[in-house]
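Me: I would like to learn how to read a model of this kind feature by feature. Could we begin with one residue in a loop and widen the view from there?

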Amino acid sequence: MKLFKLTLMTAALMCATAANAQSTYKSNLPVKPGKGVTVAGTVECDGKPVAGVTVSDGYEVTKTNKKGAYYLKSKKQNPQVFISTPSGYEAYRDDVVPQFWADFTLPADQYERHDFRLKKVDNKNHAVLFLTDIHLANERNDVEIFSDEYVERLRKEVKRLNDEGKPVYTVHMGDGTWDMYWYAHNYPIGELRNTLNAADYPTAFYNVMGNHDNDGATPSGEGVDFRASLPYQKAFGPRYYSFNIGDVHYVVLDNIEYINTPLEHHSYPGIPGKRNYHENFTQEQLDWLRKDLADVSYDTPVVIGAHCPILRWAKNDGSAYKFKPEEKSTRELLDILKPYKDVHSFTGHSHKQCLVRMPKEEQNFIDHNISGTCASWWRTRATGLKNLCPDGTPAAFELFTADGKDLKWDHIPYEYDADREFFAWDMNQVKDYFAKSAEIQAFLKNYPKWTDYSNVPDNYVYVNLWAWDPEGKLTIKENGKELPIEIVTEENPLYTLSYMVRNTIWLNVVENKGYQKPRKFQLFRAQTSSSDTPVEISWTDTFGKEHKETLKRPAPFTLEKY
C-alpha cells in the first residue's frame, strides 16, 4: 500500500509541471441539481447557454438543456467529466490542449459543479493532422528535432490549409513518450505537453493513450490499467472521449489494457515491471460508445482514434484482414459501428504504413495504420540520416480533410517533398553493394536470418510504396511496356543498411536477440529485360492523384541518395 501511495504521489509531482488544460471556468449561468446528482454544470458560448451538448463521465451520458445546464448522477469511477464538443464550435483553450474535461475534486457521494466554454467556428470544411508515436525520451536530440524541424513542417501545412479557409486540428495516436525513460531521463507524459507548448504547436492537440504512456512505476495487480493511466489523464484528459468537427464524429478510444508483470530485477530506473499489456477495448468503453453514438445518425462519418491497429492484413496484397487472437473486443467494436456508412480508424503502434479495408459488402470500415513520427525511435536520424521506419517508409503524418461528408486523406513525410510517394531501387546495384560492403557482410555473418541481397536474380526493380491502397494503381514500365508486378514480403534493403548495420556493427553489437528475427514488410518488384533501360514508375492513389518517377539505370544504391 505504501508503494502504491508513493507511486501516485510521484505521478502527481511528475505531472505538476504540465499546463492546466482541464476546465476550471466558473459560469454565472444557474444550475439546479436534484436529488442524487453528484456532478452538474453548464456549457456556454460568449456567455450564452448552448443546448444539446453531450456530457459524460465515461459511464453516464446526458445532454445540456435549453439553459445550457447538465446533470449527472455520477459514481465518479473515472477522474473526470467531459463534453463532446458540438459541430460548429471548438472547446476553449489557452494552451495546446482543449479544455473539454474537468477533474473531479470531491468524493463520489458529494456534489460538485464544473462548467465549460465553447467558441463558434465554421468547421464544416476542415483538416485533421493524424500523428502517432512521437516517442520523446529526452535522448538523441529527439525533443529538439521534433520541436524545431517537425513542428515547423506541420506549421507550414497548417498555414497552407488555413489559407484555403480550413481550420486544422491534430489527433495523436499515442506513445507520445517512452515509459522506460520517464524516470531515467526525467521525461514523463506531462513533459510532452510542455514540449508542445514550448514549440508553439500550431493547432489544438487531441491525444490517444498508447502503451508507452502508462506509468511503469505502477505496481501490477488489481486496477493497474487504471492506476498506471493517472499521470496521462492528469496531462491529457480522459482515456476515451468524443468530439464533433463539422459533419464528422470523432471518437478516441484506449485499446491498451496494461498489466506490468513484476520483474525480479529492474531493467530501468523506477520501472519494476515488464510494461506488458493486452490489446483490448475494455467493456466500459464499449458500453459508453453505444451511448455516445445513440444520437449520431448512420450517415454521419465516424472516425476512431486508437493506438494499436484495429485491423491487420492477412495477405500482403490487401485482399484479406485479421484480428490478433486477444482482440475479441474488436469484433464487438465493429458490430457497434456496422450500421454506419463511412467509418475510419486511425492507429499507430506498428511504426509502419498500412491501410486495411474491410470488404464493402461486409462493412464500410478502413483502418489507417500510419508510420511513426519518431520512425525507428529517432535512431536513423541519430546516425546522420533521415528518419526511416522499420518498413523503410519515412517518418510521416496523415492529412485528413473533410469537405462536409466528403473525406480524403494523404500521406505526407516530414523530411521529403510532400509529393514523393515511394523509393525505387535498381536491384542490380543493391546486389553489388551487398556483395562488396564489408559492413553488410559482417552484419549478415552475425544476423544470418536477414536477406543477403547479393543473391537476388538479375535485373529486378524494387519499389517501396509508402501509402499503398488496394484501390490505387501502381505501374512499372520499361520502354513503354507495362511489366508484371509481384508483391513480396521481404526486409527493406535501405532499412538494413541505414538502421540494422548502424545499430549493430557500428556499435559492436555482434548479437542482439531482438534483431535476429528479420523485419519483413510489403515491397513491389518487377523484372526488366536489361540492366540499363530506364524504368517509369507511376502510382495513382484512390482519389486519382498520380505520382511519377523515372528510375535511370544503372542507379547506384547509396545512402546519400535517400
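Reply: Let us start with Trp378, which lies in the loop between strand 23 (365-369) and helix 8 (379-382); helices (H or I, at least four residues) and strands (E, at least two) are DSSP runs, numbered from the N terminus. The model is a predicted one, in which local features need pLDDT of at least 70 and side-chain atom pairs count only at pLDDT 80 or more, whereas totals for chains, interfaces and linings use all residues. Residues are numbered from 1 along each chain as its sequence is written, and side-chain values use heavy atoms, with hydrogens and water left out.

Me: What is the sign of phi at Trp378, and is Trp378 buried or exposed?

Reply: Phi of Trp378 is positive, at about 65 degrees, although the residue is not a glycine. For the second part one needs the cut-offs: buried means under 20% relative accessible area, exposed over 50%, and partly exposed in between (1.4 Å probe, protein chains only). Trp378 has 1% relative accessibility and therefore counts as buried.

Me: Which other loop residue has a positive phi without being a glycine, and is that residue buried or exposed?

Reply: Asn479 has a phi near 55 degrees and is a residue other than glycine. Asn479 lies in the loop between strand 28 (473-478) and strand 29 (481-482), and with a relative accessible area of 64% it is exposed. A further positive phi, of about 55 degrees, is taken by Asp200 just after helix 3.

Me: How many residues of helix 3 are buried?

Reply: Helix 3 (residues 189-198) is mostly covered, with 7 of its 10 residues buried; these include Ile189, Leu192, Arg193 and Leu196.

Me: How should I read the two sides of a helix, and which residues of helix 10 are buried?

Reply: The general idea is that an α-helix has 3.6 residues a turn, so residues three or four places apart point the same way. In helix 10 (residues 438-446), the residues Ile440, Phe443 and Leu444 are buried. They cover an arc of only 95 degrees around the axis, which puts them on the same side of helix 10; the arc is that of the directions from the helix axis to the C-beta atoms. On the other side of helix 10, Ala438 and Lys445 are exposed.

Me: What do the buried residues of helix 10 pack against?

Reply: They pack against helix 9 (427-436) and helix 11 (493-500). Thr496 has its place in helix 11 and, at 1% relative accessibility, counts as buried. Where contact means heavy atoms within 4.5 Å, and not counting residues up to four places away in sequence, Thr496 touches Phe434, Ile440, Phe443, Trp450, Glu491 and Val501.

Me: Which residues does Arg519 contact, leaving aside its neighbours within four places in sequence?

Reply: Arg519 lies in the loop between helix 12 (513-516) and strand 31 (521-527), and among its contacts beyond those neighbours are Trp377, Trp450, Glu491, Tyr495 and Tyr499.

Me: How does one read a strand, and why is strand 6 described as largely enclosed?

Reply: 5 of the 5 residues of strand 6 (residues 80-84) are buried, so this strand is largely enclosed by the rest of the structure. Gln80, Phe82 and Ser84 point one way, while Val81 and Ile83 point the other way.

Me: Which strands pair with strand 6?

Reply: Two strands pair if DSSP finds at least two bridges between them. Strand 3 (residues 54-56) and strand 6 pair in the antiparallel sense over 3 bridges, with Ser56 standing opposite Phe82. Strand 6 and strand 8 (residues 101-103) also pair in the antiparallel sense over 3 bridges, and here Gln80 stands opposite Asp103.

Me: What is the mean pLDDT of the chain, and where does pLDDT stay under 50?

Reply: pLDDT is the predictor's confidence in each residue, from 0 to 100. Its mean over the chain is 93, and 96% of the residues reach 70 or more. Over residues 1-18 pLDDT stays under 50, and for these the model has 21 contacts beyond four places in sequence.

Me: How many helices and strands does the whole chain have?

Reply: The secondary structure comes to 12 helices and 33 strands, and of the 562 residues 60% count as buried. Along its principal axes, the C-alpha trace spans about 80 × 55 × 40 Å.
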